[in-house]
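Hi,

Here is the structure I promised to pass on. Have a look at it first, and then read my notes underneath.

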Amino acid sequence: MRVIVCNDYDEMSRKAAKLVASQIVLKPDCVLGLATGSTPIGLYDNLAQMNKRGEIDFSEVTTFNLDEYYPISPDNEQSYRYFMEHHLFNRVNINKNRTHIPDGTTKDPESECAKYERMIEESGGIDLQILGIGQNGHIGFNEPDNNLNTVTHLTNLTENTIEANSRFFEKKSDVPTRALTMGISSILKSRKIILLASGRTKHKVVRELLNDGINTSVPATMLKVHPDVVLICDKEAYSDMYLGVDIGGTSVKFGVIDGFNNIVFKDSIPTHKDMPAKGIVDNIAAQCLKIAQRFPISSIGVGTPGIIDFDTKTVSATNLPFDKAPVALWLKEATGLNVYINNDANCAALGEAVAGEGAGENDIFMITLGTGIGGGIIIDKKIYTGKHGDAGEIGHMCIETDGLPCACGNRGCWEKYASVSALIAQTEAAAEANKDSILANVIKDDCVVDGKTVFKAMNMGCPVAQKVFDKYIDYLAIGVRNIINIFRPGLVVISGGISEAGDRLLKPLIQKVGSDTPIKISRLQNDAGIIGAATLGKNAK
Ligand code: F6R
C-alpha cells in the first residue's frame with residue numbers, strides 16, 4: 001500500500017482529486033467506485049470545480065456507489081443517493097443514467113444485490129474505487145466480523161458505526177440499522193483503489209491498518225492483498241500523538257504534538273506549588289487524562305525543574321515540593337500511559353533541537369537566561385544528562401575568583417553576573433550610583449526594574465544604561481565562549497524572557513564572543529519545553 005501523507009484535509013482532497021481527474025482524462029468512459037461520508041466531500045468539491053473549469057469531462061463516466069442505507073428512499077436527505085446528487089452529480093456534467101447506487105427501497109434486497117454485482121461486471125468492472133474508512137475499520141459497510149461477505153449484500157450496522165453516523169441525523173435512533181453494501185471482493189476487484197482518511201478519529205484505525213497484519217476484525221486490512229492501493233491521509237489521521245508536560249513554578253503547560261512536531265493542542269493549569277508533591281502530580285494526571293480522551297496519545301513526556309535521579313526515576317527540586325518525588329511513576333499509575341521525564345531546561349533544548357532553530361543541527365547548546373541560568377546539552381539530537389543526570393548546570397560555572405556568593409555555596413558563578421536577576425541587580429546599582437541619570441528616572445517613573453529597563457533607558461540615549469548593558473554583555477560572552485570552547489556545538493541557542501530583545505542582545509553578544517559557532521535566539525521560546533518533553537516519549541519508541 002502506498003501512503004501519501006498530506007498536511008491537512010484540503011491537501012488530501014486536492015491530491016485525491018488530481019488522481020481521479022487523471023483517471024478520467026486517461027479513460028473518459030471509465031468506471032468510478034464512489035463513497036459517501038464526510039471524508040470525500042472535499043474531493044467531490046475539487047472535482048466539481050475542475051469540471052466547471054473544463055479540466056475534466058464526466059459525460060461518459062459511469063459510477064457505482066459502495067453502499068446505501070436500508071430501507072431508505074432516494075429523496076430522504078440522509079440517503080446516499082441524495083448525498084451524491086448534492087455533493088457531486090448535480091454539480092458536474094454526468095449522465096445520471098450512468099450513476100448507480102444500491103436501491104434502498106427494494107422489497108427484495110437479495111435480488112437487488114445480485115443485480116448490482118452483475119451491473120458492475122457488465123460495465124467492465126471498476127477502474128478506480130474511492131474508499132473512506134470507518135473508525136472500526138469498515139470499508140463500504142463491511143463491518144468487523146469473523147466472516148466477511150465477499151459480494152454485494154444486506155448487512156447490519158454495528159453500534160460503533162451507528163454512533164459515528166448519528167452526527168448526520170437528528171437523533172441516534174433515526175440512523176438506519178441496516179445497509180446494502182458492496183462486499184470485500186467486489187471492492188478488491190477494482191483495478192485501482194484510493195483510500196482516504198482524515199482527522200484524529202481515524203488515527204487509531206490507520207495505525208492498525210499500517211502496522212497490523214490482515215484481519216477480518218479490521219476489514220480495511222483486506223486491502224493489503226490488492227496490488228494498487230494508495231492511502232491518502234492527513235497528518236492527524238496518520239501520525240501518532242505525544243503529550244508534553246512542562247512543569248513550572250506557577251503553571252504547568254501541556255501540549256499535544258504530532259509525529260511532525262506540530263503542536264496540535266495547548267493548555268495550562270496552575271501548579272499550586274504550596275500543595276504536597278502528590279497533589280500537584282494528581283492535578284497534572286487529571287489534566288493528562290482529559291487530554292488523552294480527546295487525542296490518541298501514545299505517551300507522556302515531562303519536563304520538570306530540578307534534578308532527576310534516572311536510577312530511581314525521582315525528582316528533587318528546590319522551587320517545588322519535590323524531594324525524591326516519583327513523578328513519572330505517579331503519572332504512569334494514574335494515566336496508564338508510559339511516562340518519560342527529564343529536566344525542563346534539557347527538554348527545552350531538545351524541543352529547540354528537533355523543531356526550532358536547531359532543526360538542522362545534531363549538536364546544540366541551549367542557554368536559558370532567567371532568574372538563574374539553565375543549560376541544555378543536545379548531542380546527536382539526544383539530551384546529554386551526564387552520569388548523575390545533572391549535566392549542563394552552566395549557571396554555576398565560575399567566571400570570577402572570589403566573586404559574588406551564590407546559593408550553591410560557591411562564589412563567582414556565571415548566573416550571579418549574566419542571568420536576568422543579575423542584570424536587574426546591575427541596573428539597580430547603576431541607578432543608585434547615578435541618581436540623575438536617565439536610567440534612574442526611568443526606574444522612578446516605572447516604579448519597577450526588570451530585564452527591559454536597561455533597554456528602555458538605552459533607547460532614550462542613557463550612557464549609564466549603555467555601560468550596564470555593555471558590562472552585562474561582557475559577562476554573558478565569557479560564559480558563551482567557555483561553552484563553545486568546551487563543546488564546540490553546531491549552534492548555541494539563547495532563550496528566556498530577555499531573548500525577546502532579539503538583535504539588540506544578539507548582535508553585541510555575537511561580536512563579543514567572536515566565534516564562528518552560530519548563536520541564535522530560540523525560535524520556539526515557551527513552546528520549546530512542551531515540544532521537547534513530548535519528544536522524550538516519541539524518541540523512546
Ligand atoms: C460510505 C462508506 C463508509 C464511509 C466510512 C467513513 O459510503 O462506505 O465506509 O466511508 O463510514 O465515513 P466518514 O468519511 O464520514 O468518516
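Below is what turned up, starting with the ligand and then moving to the sheets and a couple of odd backbone spots.

One thing to keep in mind as you read: this is a predicted model.

**The ligand**

You'll probably want to start here. The ligand sits in the second largest pocket. There are 14 residues around the ligand, and T39, D67, H138, G140 and K202 are the ones that come nearest. What is the make-up of that shell in nonpolar, polar and charged residues? It splits into three nonpolar, eight polar and three charged.

A few contacts to oxygen atoms of the ligand are worth clicking on:

- H138: a polar side-chain atom lies 2.6 Å from a ligand oxygen.
- G140: here a polar backbone atom is 2.7 Å from an oxygen atom of the ligand.
- T36: a polar side-chain atom is found 2.8 Å from an oxygen atom of the ligand.

As for how covered the ligand is, taken alone it exposes 410 Å², and the protein buries 95% of that. So H138 and G140 show up twice in my notes, once among the residues that come nearest and again in the contacts, through a side-chain atom for H138 and a backbone atom for G140.

**The parallel sheet**

Seven strands make up an open sheet, and if you trace across it the order is β1-β10-β9-β6-β2-β3-β5, with parallel pairing. At the edges are β1 (2-6) and β5 (99-100), each of which pairs on one side only. For a closer look inside this sheet, try β2 (residues 31-34) and β3 (residues 62-65), which pair in the parallel sense over four bridges. Within that pair, V31 stands opposite T62 in β3.

**The mixed sheet**

There is also an open sheet of five strands, ordered β20-β19-β18-β21-β22, and its pairing is mixed. Its edge strands are β20 (382-383) and β22 (519-521), and each of them pairs on one side only. Which way do β18 and β19 pair, parallel or antiparallel? They go antiparallel: β18 (residues 364-369) and β19 (residues 373-379) are joined over six bridges. One pairing to find there is L369, whose bridge partner in β19 is I373.

**Two backbone spots**

Y70 and P71 are joined by a cis peptide bond, with omega at about -10 degrees. You'll find P71 in the loop between β4 (67-70) and α3 (80-87).

The other spot is K313, which has a positive phi of about 55 degrees although it is not a glycine. K313 is in the loop between β15 (307-309) and β16 (314-316).

Cheers

Notes:
Residues are numbered from 1 along each chain as its sequence is written. This is a predicted model: local features need pLDDT of at least 70, side-chain atom pairs count only at pLDDT 80 or more; totals for chains, interfaces and linings use all residues. Side-chain values use heavy atoms; hydrogens and water are left out. Two strands pair if DSSP finds at least two bridges between them. Helices (H or I, at least four residues) and strands (E, at least two) are DSSP runs, numbered from the N terminus. A residue is near a molecule or strand if one of its heavy atoms lies within 4 Å of it. A polar contact is a pair of N or O atoms within 3.5 Å; within protein, one must be able to donate a hydrogen and the other to accept it, and residues adjacent in sequence count only if both atoms are side-chain atoms. Accessible areas come from the Shrake-Rupley method with a 1.4 Å probe; for residues, only the protein chains shown count as cover. On a 1 Å grid over the protein atoms alone, a cavity is a set of points where a 1.4 Å probe fits but cannot get out, and a pocket is an open set with protein on both sides within 12 Å along at least five of seven lines; lining residues have an atom within 4 Å of a point. A molecule sits in a cavity or pocket if more than half of its atoms lie within 2 Å of its grid points. Ala, Val, Leu, Ile, Met, Phe, Trp, Tyr, Cys and Pro count as nonpolar, Asp, Glu, Lys and Arg as charged, and the others, Gly among them, as polar.
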